Amino acid sequence: MNIVFKVSDNVKEKMIEYYQDLKKEKTPPYAIFQAQEADTIITLYESGKVMFQGISADIDANMWKDQENFLNNRNIDQEIKDKEDKENAKVDKSYYYYDAIGSDEVGTGDFFGPIVVTATLVNKETRKLLEDLKINDSKKMTDEKIKRCAPILMKNISYETKILYNNEFNEWTNKKHYNMNKVKAILHNEVLYKLSKKEEGNYHKIIVDQFTSPKSYFSYLKQENINDKVTKITFLIKGEQAHLSVAAASVISRYIFLEEMDKLSKKYNIELSKGAGDLVNIQGKELIKKYGENTLYSISKINFKNTQKILNS
C-alpha cells in the first residue's frame, strides 16, 4: 500500500522531530529523510510530499492527516480524492465502450516471485459484470478484494496468462541481457497474440497499458525475430482507466501473482514480502542461511539491487 500527500511546513517540522530516531542511514534523492516504523517506510521529500509504504501505511498516514486537520484545517483525504478526480478527467474515455482486448502485468517491481502478464477480452456482454464488481487497477484494490473478484472474472471472461518464473527471468536478464521493458514486450505480445487468435472477429481494439514507446516496443520484438506478433495496438497511459479489459488483466495478473507467492512462502516456510524494501533483504539473508545461495537465484530477480545487499552483508 502506497499513500502520498503534501504536508504543511508546521507538520513537516513535527515529522522530522518524530522520526528522528527512526531514520535510515541512506536517504533517497531529493528526500529529507527516510524512516521505518514497524512495517511502514516513511519518506519525506524536500518538496513537502510524504510517502507511506507498507502493510500498515494507512495507520501511519492517518496520524499525520489528523495533524493536518487539527493544525491547518486540511482534509487530506478530500484533497487526494479531488486530485484523483482531476487526473481521471484527463483519461481518454473514448475507448471505454469498444469490445477490446487489453493487457497488463504484475510482479516487475517485486524481488521475490514471478512476473505475470494477462490479456483479457471485455465486451458489451461482460462489461456490466466488471462494473458491478467495481473492477479497476489492481494497484488500487486490496488483495482481499482481488482474491474475491479474480476467480469470478476468470470464469466469465476470455483471457490468456503467461507466468515468467525467476529462473527464466534471470536467464533473460543476466545471460541474454534483456532489460525489463524488453521482457514485458515479449510477454505482452505472447498473451495478446494467443487471445487475439482465439477471439478473432470478437473485438474492435487491442489496448496495452503503455510502459514504453510504441517504437521501442516493436523494436524489442524485432530484435528477437518474433514472427507471431500483434501489430495493431493502441498504447494508452493509464490504460486500466481507459478500458476495463486492461483493469481486468491487472486484477487477474495480481491474483495469480499472489497465488505464486503463497506457494513460495509455504515451500520455504517464510511469509515472503512483496516489493523490494528492507524486509526483502532480511528475508533473503534468512533464505540463504537455511537453503543456500542457489535458492535466491530460483525465487528472486537477481538483477535487483537487493541481491548485492543480501550477498554482501
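Here is a quick tour of this structure, from its sheets to its cores and a few single residues. Keep in mind that the model is predicted. One open sheet has five strands with mixed pairing, and another has four strands with antiparallel pairing. The largest nonpolar core holds 35 residues, and a second, separate core holds 26.

**The four-stranded sheet**

- Reading across this open sheet, the strand order is β1-β4-β3-β2, and the pairing is antiparallel.
- At the edges sit β1 and β2 (31-37), each of which pairs on one side only.
- Neighbouring strands here are turned by 15° against each other on average, if you ignore direction.
- β1 (residues 2-6) and β4 (residues 49-54) run antiparallel and are joined by five bridges; look for N2 standing opposite Q53 in β4.
- β4 also pairs with β3 (residues 40-45), again in the antiparallel sense and over five bridges. In that stretch, L44 stands opposite V50 of β4.
- In a regular strand, side chains alternate between the two faces of the sheet. For β1, I3 and F5 make up the covered face, while N2, V4 and K6 are on the uncovered one.
- Helix α1 (residues 9-18) lies across β2, β3 and β4, and runs at about 55° to β2.

**A lysine to look at: K65**

- You'll find K65 in helix α2 (residues 57-72).
- Is K65 buried or exposed? K65 has a relative accessible area of 11%, and since buried means under 20%, K65 counts as buried.
- The residues K65 touches include I3 and F5, which form the covered face of β1.
- Leaving out residues up to four places away in sequence, the other contacts of K65 are R74, I76, D77 and I80.

**The five-stranded sheet**

- This open sheet goes β7-β6-β5-β8-β9, with mixed pairing.
- Its edge strands are β7 (158-164) and β9 (234-236), and each pairs on one side only.
- From one strand to the next, the twist averages 20°.
- β5 (residues 100-106) and β8 (residues 205-209) pair in the parallel sense over four bridges. One pair to find is S103 and its bridge partner in β8, V208.
- Helix α7 packs on the sheet, where α7 touches β5, β6, β7 and β8; the direction of α7 makes about 150° with that of β7.

**Y159, on an edge strand**

- Y159 has its place in strand β7 and is partly exposed, at 24% relative accessible area.
- Setting aside residues up to four places away in sequence, Y159 touches T118, A119, T120, M154, L195, K198 and I252.
- Between Y159 and R254 there are 14 Å in space, C-alpha to C-alpha, and the two are 95 residues apart in sequence.

**Two helices that cross**

- How do α7 and α8 meet, and at what angle do their axes cross? The axes of α7 (residues 180-198) and α8 (residues 214-223) come within 9 Å and cross at roughly 85°.
- Angles of 65 to 115 degrees count as roughly perpendicular, so that is the word for α7 against α8.
- On the α7 side, the contact is made by N181, K182, A185, I186, H188, N189 and L192; on the α8 side, by Y217, Y220, L221 and Q223.
- Sorted by type, the residues of this contact are six nonpolar, four polar and one charged.

**The nonpolar cores**

- Nonpolar side chains tend to be buried together in soluble globular proteins.
- Within the 35-residue core, F112, L130, I135 and L153 touch the most other members.
- β6 (115-122), α4 (127-133), α5 (143-156), α10 (244-268), α11 (278-291) and α12 (293-299) each supply at least two residues of this core. The biggest giver is α10, with 12 residues.
- Beyond residues up to four places away in sequence, F112 has contacts that include F257, M261, L272, V280, L287, L296 and I299.
- The second core, of 26 residues, has V117, Y178, L192 and Y220 among its members.

**Two asparagines with positive phi**

- N225 is in the loop between α8 and β9, and N269 is in the loop between α10 and α11.
- Phi is near 55° for N225 and near 55° for N269, a positive value in a residue other than glycine.
- N225 is exposed at 62% relative accessible area, and N269 is exposed at 63%.

Technical notes
Residues numbered from 1 in each chain as written. Predicted model: local features only at pLDDT ≥ 70, side-chain atom pairs only at ≥ 80, totals over all residues. Heavy atoms only, no water. Core = buried A, V, L, I, M, F, W, Y, C linked by side-chain atoms within 4.5 Å. Buried < 20%, exposed > 50% of the residue type's maximum accessible area, 1.4 Å probe, protein only. Contact = heavy atoms within 4.5 Å. Pairing = 2+ DSSP bridges. Axes fitted to C-alpha atoms, helices over the stretch in contact; angles between N-to-C directions. Parallel < 35°, antiparallel > 145°, perpendicular 65-115°, else oblique. Nonpolar A, V, L, I, M, F, W, Y, C, P; charged D, E, K, R; others polar.
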